[in-house]
Every structure is written in C-alpha cells, then in structure tokens.
Amino acid sequence: MYNANSGKINSLLDSAHKRVSPDTYDCKLCDLTYGVFKENEKWSRFRKNLLDTNPNLQSEFLHKDEFAKQYWSKWLPKYKFPIRFKHE
C-alpha cells in the first residue's frame, strides 16, 4: 500500500513534493518504485519477473484511498501506511 492517494492531481503534488523536499516525503514505497514522473524501470522489471516466475502469485499495489474504498473495515485506522499484507 502506498502512503499516498491516487489520481492525477495527487500524483503531480507528490512528484513536486519529492523534488522540492524529498526528506519530508512520507511514502518510502513511492520513492522505491517511482521516479518523479513514471514507474522506476528496475521496479517494473522486478514486478514482471516476479509474476512471470510465480504465475499463481497475485499482487495489488494500492494507494491509501483505493485501499480504504476496497477493503474498509472498523480495524483500518490501526494501520500506518505504507503497509504490506500477505494472504495465505
């Protein structure tokens, strides 16, 4: 789960924040997976390779607002983003 919200405006604001004040940018997952304007090539290749070598693996990368909309529960507020869940 990214510690950011989805959408073009949020993406532009996040990109500006990363450039202007990277030390205060809260989404470390975004730093790892995205550059200023697009997905990091290494990350893209890693995801593709992971899914190619593990065809039964299912993964989702959601922003905070997408996660809340899709998986909201009364326990949701206890989580701090970014987070990772594993379902077995």
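This is a short tour of a predicted model, stop by stop, with something to select at each one.

**Stop 1: the whole chain**

Start with everything shown as a cartoon. You should find four helices and zero strands, so the order of elements from the N terminus reads α-α-α-α. The C-alpha trace spans about 40 × 35 × 20 Å along its principal axes. If you colour by accessibility, 22% of the 88 residues count as buried.

**Stop 2: helix H3**

Now select residues 41–53, which make up helix H3. H3 has 13 residues, and the distance from its first C-alpha to its last is 18 Å, close to the 18 Å expected at 1.5 Å a residue. Zoom in on the start of H3 and show Asn-40 and Lys-42 as sticks. There, a side-chain oxygen of Asn-40 comes to within 2.7 Å of the backbone nitrogen of Lys-42.

**Stop 3: the aromatic cluster**

Stay with H3 and add Trp-43, Phe-46 and Phe-61 as sticks. Ring pairs link these three residues, Trp-43, Phe-46 and Phe-61, into a cluster, and the structure holds two aromatic pairs. How are the rings of Trp-43 and Phe-61 arranged? Their centres are 5.4 Å apart and their planes meet at 85°, so this pair is edge-to-face; the cut-off for that label is over 60 degrees.

Next, look at where the two partners sit. Trp-43 belongs to helix H3, while Phe-61 is in the loop between H3 and helix H4 (64–71), so the pair ties together parts that are 18 residues apart in sequence. Are Trp-43 and Phe-61 buried or partly exposed? Trp-43 counts as buried because its relative accessibility is 14%, whereas Phe-61, at 33%, counts as partly exposed.

**Stop 4: the cavity beside the cluster residues**

Keep the cluster on screen and add Arg-47, Leu-50, Leu-51 and Ser-59. Together with Trp-43, Phe-46 and Phe-61, these residues line the largest cavity. A search of the whole structure finds one cavity of 30 Å³ or more, and the largest cavity holds about 40 Å³ of space. By class, its lining has five nonpolar residues, one polar and one charged. Trp-43, Phe-46 and Phe-61 thus appear both in the ring cluster and in this lining.

**Stop 5: the second largest pocket**

For an open site, select Ser-11, Asp-14, Ser-15, Tyr-34 and His-63. Of the 19 residues that line the second largest pocket, these five are the closest to its centre. The space in this pocket is about 310 Å³. Which helix gives the largest share of the lining? Helix H1 (residues 8–20) does, with five residues. The lining of this pocket divides into nine nonpolar, seven polar and three charged residues.

**Stop 6: two single residues to finish**

Go to Leu-32 in helix H2 (residues 28–33). Leu-32 has a relative accessible area of 55%, so it is exposed. Draw a C-alpha to C-alpha distance from Leu-32 to Asp-52: the two are 20 residues apart in sequence and 21 Å apart in space.

Finally, pick Pro-82, found in the segment after H4. Its relative accessibility of 35% means that Pro-82 counts as partly exposed. A last distance to draw runs from Pro-82 to Asp-65, 17 residues away along the chain, where the C-alpha atoms are separated by 12 Å.

Definitions and conventions: Residues are numbered from 1 along each chain as its sequence is written. This is a predicted model: local features need pLDDT of at least 70, side-chain atom pairs count only at pLDDT 80 or more; totals for chains, interfaces and linings use all residues. Side-chain values use heavy atoms; hydrogens and water are left out. Rings of Phe, Tyr and Trp (its six-membered ring) pair if their centres lie within 6.5 Å; planes under 30 degrees apart count as stacked, over 60 as edge-to-face and the rest as tilted. Helices (H or I, at least four residues) and strands (E, at least two) are DSSP runs, numbered from the N terminus. Buried means under 20% relative accessible area, exposed over 50%, partly exposed in between (1.4 Å probe, protein chains only). On a 1 Å grid over the protein atoms alone, a cavity is a set of points where a 1.4 Å probe fits but cannot get out, and a pocket is an open set with protein on both sides within 12 Å along at least five of seven lines; lining residues have an atom within 4 Å of a point. Grid points are joined across faces, edges and corners, and a volume is the space filled by probe spheres set on the points. Ala, Val, Leu, Ile, Met, Phe, Trp, Tyr, Cys and Pro count as nonpolar, Asp, Glu, Lys and Arg as charged, and the others, Gly among them, as polar. The expected span of a helix is 1.5 Å times one less than its number of residues. A polar contact is a pair of N or O atoms within 3.5 Å; within protein, one must be able to donate a hydrogen and the other to accept it, and residues adjacent in sequence count only if both atoms are side-chain atoms.
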